[in-house]
Amino acid sequence: MTEIDLTEFESKLLLRRVRVEDHPALVDLEKRCFPGQQPWSEEQIRSQIEHFPEGQLCLEYDGQIVASSSSLIVDFGDYDDWHSWHQ
């Protein structure tokens with residue numbers, strides 16, 4: 001039986017940390033996923049990366065960002081047991 005080379009059909013997925021230069025692609029993604037919502041500014045992305053780089057992730061599919069995730073570290077001692085997102 002002849003072996004078939006399937007590499008031409010493979011796509012590359014890459015999970016990595018967000019970089020500041022990803023901002024335009026992240027804005028495009030946010031606009032498509034959350035229409036009408038103000039996308040994050042470059043300054044906000046930069047701040048997230050500076051304070052908690054391990055929590056800022058994106059997924060590339062064939063070199064294009066298709067998903068992102070941003071996490072925060074919160075000191076719950078600064079808040080009551082119950083608070084709203086705006087607080």
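Start by selecting Glu43, Glu50 and His51 in this predicted model: these exposed residues sit on the face of helix H2 that is turned away from its buried side.

Now swing round to the other side of H2. The helix covers residues 42–51, and its buried residues are Ile45, Gln48 and Ile49. Look down the axis of H2 and you'll find that these buried residues line one face, because they fall within an arc of 95°. In general, residues three or four places apart in an α-helix point the same way, because there are 3.6 residues a turn.

What do the buried residues of H2 pack against? Show helix H1 (23–33), strand E2 (56–61) and strand E3 (64–70): those are the partners.

Next, bring up the largest pocket, with a volume of about 520 Å³. Its lining has 22 residues, and Glu30, Phe34, Gln37, Trp40 and Ser70 are the ones nearest the centre. H1, H2, E2 and E3 each give two or more residues to this lining. Colour the lining by type and you get 12 nonpolar, 9 polar and 1 charged.

Last stop: the cysteines. How many disulfides are there? The count is 0. Select Cys33, which is in no disulfide; the nearest cysteine sulfur, in Cys58, is 13 Å away. That 13 Å is too far for a bond, since a disulfide needs the sulfur atoms within 2.5 Å. While you have both selected, check their surroundings: Cys33 is partly exposed, at a relative accessible area of 47%, whereas Cys58 is buried, at 1%.

Notes:
Residues numbered from 1 in each chain as written. Predicted model: local features only at pLDDT ≥ 70, side-chain atom pairs only at ≥ 80, totals over all residues. Heavy atoms only, no water. Buried < 20%, exposed > 50% of the residue type's maximum accessible area, 1.4 Å probe, protein only. Helix = DSSP H or I, 4+ residues; strand = E, 2+ residues; numbered from the N terminus. Arc of directions from axis to C-beta. Contact = heavy atoms within 4.5 Å. 1 Å grid on protein atoms, 1.4 Å probe; cavity = no way out; pocket = protein on both sides within 12 Å on 5 of 7 lines; lining within 4 Å. Points joined across faces, edges and corners; volume = space filled by probe spheres on them. Nonpolar A, V, L, I, M, F, W, Y, C, P; charged D, E, K, R; others polar.
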